[in-house]
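Here are my notes on the model you sent over. Have it open while you read, and look up each spot as you get to it.

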Amino acid sequence: MISRLANKELVKRFTEITSNMGVIRNLRESLDLHLRLSKTDKLEKVSNLRSEIEKAKARITNARRLMLDKEIDANEYREIKQEYEGEIIKIEKEIEKISTLDSDLKDQIIFCCDFLEKLPKYFTDGDLTSKQQILGSILTEKLVFDENKYRTIKLRGIVSLICRSSKDS
């Protein structure tokens, strides 16, 4: 009985918190712009790294020609080849890292903004585990239910900047 009353009171208090749509819109636009700039930077960096790979391959080819022309011996060629092949592997790993980094960031941004806009709905529709995760992620301390109501609900700093109590509107 007390748990139902506590949940009902929490839902009532929680739905009083509404999203500040202007802040969320600005946040979404800012993150989207950053993501686009970041993507341009990544493409440029990958292009530069691919150029470095081509230079390393050209150096291996040049070393092979020098060996065939007997200007360097086979041991020197092997050393040069090993050095540049190691460099190529390192650069390829870096390209792979850049390519996979933040690949789903845009989806995460969309979900987070949608989540903030519809926070009360997500909370009321969620199961017990979801509700606990939502509360744990937005509240600074545990809830205390006393005399049929909750003590002051303290939101985390970022949440209080993005959302506001409908009483404050």
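The points below go from the whole chain down to single residues.

1. Before anything else, keep in mind that this is a predicted model. The chain has 7 helices and 4 strands. If you walk along the sequence, the order is α-β-α-α-α-α-α-β-β-α-β, so try tracing that pattern on screen.

2. Now for the chain in overall numbers. It has 169 residues, and 25% of them count as buried. The exposed surface comes to about 12,400 Å², with carbon and sulfur atoms supplying 52% of it. Then take the contacts between residues at least 6 apart in sequence: 69% of these join residues at least 24 apart.

3. Which residues have the most contacts inside the largest nonpolar core? They are L49, I53, I60, Y77, I88, I91 and I95, out of 13 residues in that core. Helices α2 (21-68) and α3 (74-100) each supply at least two residues of this core. There is also a second, separate core of 8 residues, and F123, I134, L135 and V159 are among them.

4. I91 is a good place to zoom in. Leaving out residues up to four places away in sequence, I91 touches L49, E52 and I53. Two of these names, L49 and I53, should ring a bell from the list of residues with the most contacts in the largest core.

5. Next, click on Y84, which sits in helix α3. Is Y84 buried or exposed? Y84 is buried, because its relative accessible area is 15% and the cut-off for buried is under 20%. Setting aside residues up to four places away in sequence, Y84 touches A56, R59 and I60. Y84 and A58 are 26 residues apart in sequence, yet their C-alpha atoms are 9.7 Å apart in space.

6. K70 deserves a look too. You'll find K70 in the loop between α2 and α3. Its phi is near 60°, a positive value in a residue other than glycine. K70 is also exposed, since its relative accessible area is 73% and exposed means over 50%.

7. Helix α4 (residues 105-117) is worth checking for length. Its 13 residues reach 18 Å from the first C-alpha to the last, close to the 18 Å expected at 1.5 Å a residue. The buried residues of α4 are I109, C113, F115 and L116. Why do they line one face of the helix? Looking down the axis of α4, you see the buried residues fall within an arc of 160°, so they line one face.

8. Helix α6 (residues 128-138) can be read in a similar way. Its buried residues are K131, I134, L135 and I138. These cover an arc of only 95° around the axis, so they end up on the same side of α6. You have already met I134 and L135, as both belong to the second core.

9. On to the aromatic rings: the structure holds 3 aromatic pairs. One of them is F111 with Y122, an edge-to-face pair at 6.3 Å centre to centre, with 70° between the planes. F111 lies in helix α4 and Y122 in helix α5 (residues 119-125), so this pair ties together parts that are 11 residues apart in sequence. Both rings' residues are partly exposed: F111 has a relative accessible area of 47%, and Y122 comes in at 31%. Ring pairs also bring in F115, linking F111, F115 and Y122 into a cluster.

10. Finally, here are two spots to check with the distance tool. L27, in helix α2, is partly exposed at 30% relative accessibility. The C-alpha atoms of L27 and I109 are separated by 9.3 Å, although the two residues are 82 residues apart along the chain. For the second spot, go to G157 in helix α7 (residues 157-162). G157 is partly exposed at 46% relative accessibility. G157 and L139 are 18 residues apart in sequence, with 9.1 Å from C-alpha to C-alpha.

Notes
Residues numbered from 1 in each chain as written. Predicted model: local features only at pLDDT ≥ 70, side-chain atom pairs only at ≥ 80, totals over all residues. Heavy atoms only, no water. Buried < 20%, exposed > 50% of the residue type's maximum accessible area, 1.4 Å probe, protein only. Arc of directions from axis to C-beta. Expected span 1.5 Å × (residues − 1). Core = buried A, V, L, I, M, F, W, Y, C linked by side-chain atoms within 4.5 Å. Contact = heavy atoms within 4.5 Å. Areas by Shrake-Rupley, 256 points an atom, 1.4 Å probe, with all protein chains shown as cover. Phe/Tyr/Trp six-rings, centres within 6.5 Å; stacked < 30°, edge-to-face > 60°.
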